[in-house]
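Reader: Hey, I've got a protein model open and I'm a bit lost. Can we go through it together?
Author: Sure, put it up and ask away.

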Amino acid sequence: MGKNLIDLNEDERDCLQELMNIAYGEATAAISKIIDKFATLNIPVINTVTSEGLLKHLNEKIVENGNYFIANQLIHGNISGENLFIIDEKSSYNLTKEFGLEDDEIDDDEIKDVVLEITNIISSVTSGKLASLIDASISFSSPNIKRVTNIKEFNDGFDKSYENIIIISTELNFEDEHIKGELIILSKNESSEYLRESISQFLEDL
């Protein structure tokens with residue numbers, strides 16, 4: 001771990017993991033209700049990395065599985081940063097079918113519309129719930145999306161100002177429908193510190 005990375009102690013990391021579990025569970029329930037399917041939820045994984053560490057994480061996924069749609073949504077306020085929703089091509093196609101489209105109706109534009117709608121829900125509900133749990137105030141920009149086949153295509157549009165990133169990643173998994181996606185929450189330096197202090201206060205208030 002680099003010397004500039006924010007350092008969460010074990011209690012703070014466990015607390016953030018539990019809060020994210022609650023927040024992501026609420027988002028997953030919202031999506032499950034929309035497509036009327038059952039989803040499983042993995043325990044969120046917390047990592048602190050630099051922007052280079054994030055690129056390495058994403059590159060390993062892309063090299064292993066090929067094409068991805070990556071949607072991003074900017075967050076403003078006490079926890080400013082960015083949410084990334086990453087979903088592989090097959091999962092995004094299957095997700096689009098759950099919205100009632102037939103095979104001959106599905107193209108990239110239809111897939112992007114569906115992934116953007118899901119991103120808007122999973123990003124805003126998850127971050128909104130986390131913010132409410134720690135009494136933070138946040139707002140959101142509209143999400144954007146791009147198809148990515150290699151890490152350079154992602155890196156060219158990535159905001160390099162993230163020097164101190166808390167990666168909170170968890171997977172949305174509709175096993176029977178073969179749909180699997182990952183949400184990554186990126187927080188900027190000052191917000192990472194705000195988040196750490198808020199979690200510390202949350203623990204003191206228990």
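Reader: Does Asn 173 count as buried or exposed, and at what relative accessibility?
Author: Asn 173 counts as buried because its relative accessibility is 18%. Buried means under 20% relative accessible area, exposed means over 50%, and partly exposed is in between (1.4 Å probe, protein chains only).

Reader: Ok, and where is Asn 173, and what does Asn 173 touch?
Author: Asn 173 is in strand β7. Leaving out residues up to four places away in sequence, Asn 173 touches Phe 38, Ala 39, Thr 40, Ile 179 and Lys 180. Contact here means heavy atoms within 4.5 Å. Helices (H or I, at least four residues) and strands (E, at least two) are DSSP runs, numbered from the N terminus.

Reader: Anything I should know about the model itself?
Author: This is a predicted model, where local features need pLDDT of at least 70 and side-chain atom pairs count only at pLDDT 80 or more, while totals for chains, interfaces and linings use all residues. Residues are numbered from 1 along each chain as its sequence is written, and side-chain values use heavy atoms, with hydrogens and water left out.

Reader: Cool. Which residues of α6 are buried?
Author: Those are Ser 191, Ser 192, Leu 195, Ser 198 and Ile 199. Down the axis of α6, the buried residues fall within an arc of 125 degrees, so they line one face of the helix. That arc is taken from the directions from the helix axis to the C-beta atoms. On the other side of α6, Glu 190 and Glu 204 are exposed.

Reader: And what covers the buried residues of α6?
Author: The cover includes α1 (10–35), α4 (108–133), β7 (165–174) and β8 (179–187).

Reader: How do α1 and α6 pack?
Author: Their axes are 10 Å apart, and the packing angle is about 90 degrees. That makes α1 roughly perpendicular to α6. Axes are lines fitted to C-alpha atoms, for helices over the stretch in contact, and angles run from 0 to 180 degrees between N-to-C directions. Angles under 35 degrees count as roughly parallel, over 145 as roughly antiparallel, 65 to 115 as roughly perpendicular and the rest as oblique. On the α1 side, the contact residues include Cys 15, Leu 16 and Leu 19, and on the α6 side they include Leu 195, Ile 199 and Phe 202.

Reader: What about α3 and α4, at what angle do they cross?
Author: The axes of α3 (residues 89–97) and α4 cross at roughly 85 degrees and come within 9 Å. That makes α3 roughly perpendicular to α4. In α3, Ser 92, Tyr 93, Leu 95 and Thr 96 meet Glu 110, Ile 111, Val 114, Val 115 and Ile 118 in α4.

Reader: Switching topic, which residues of α2 are buried?
Author: In α2, Ser 51, Leu 54, Leu 55, Leu 58, Lys 61 and Ile 62 are buried. They sit within an arc of 125 degrees seen down the axis of α2, so they line one face of the helix. Glu 52, Lys 56, Val 63 and Glu 64 are exposed on the other side of α2.

Reader: What comes just after α2?
Author: Gly 66 does, with a positive phi of about 85 degrees.

Reader: Which loop holds Asp 36?
Author: Asp 36 is in the loop between α1 and β1 (40–41). Phi of Asp 36 is near 55 degrees, a positive value in a residue other than glycine. Asp 36 is exposed, with a relative accessible area of 65%.
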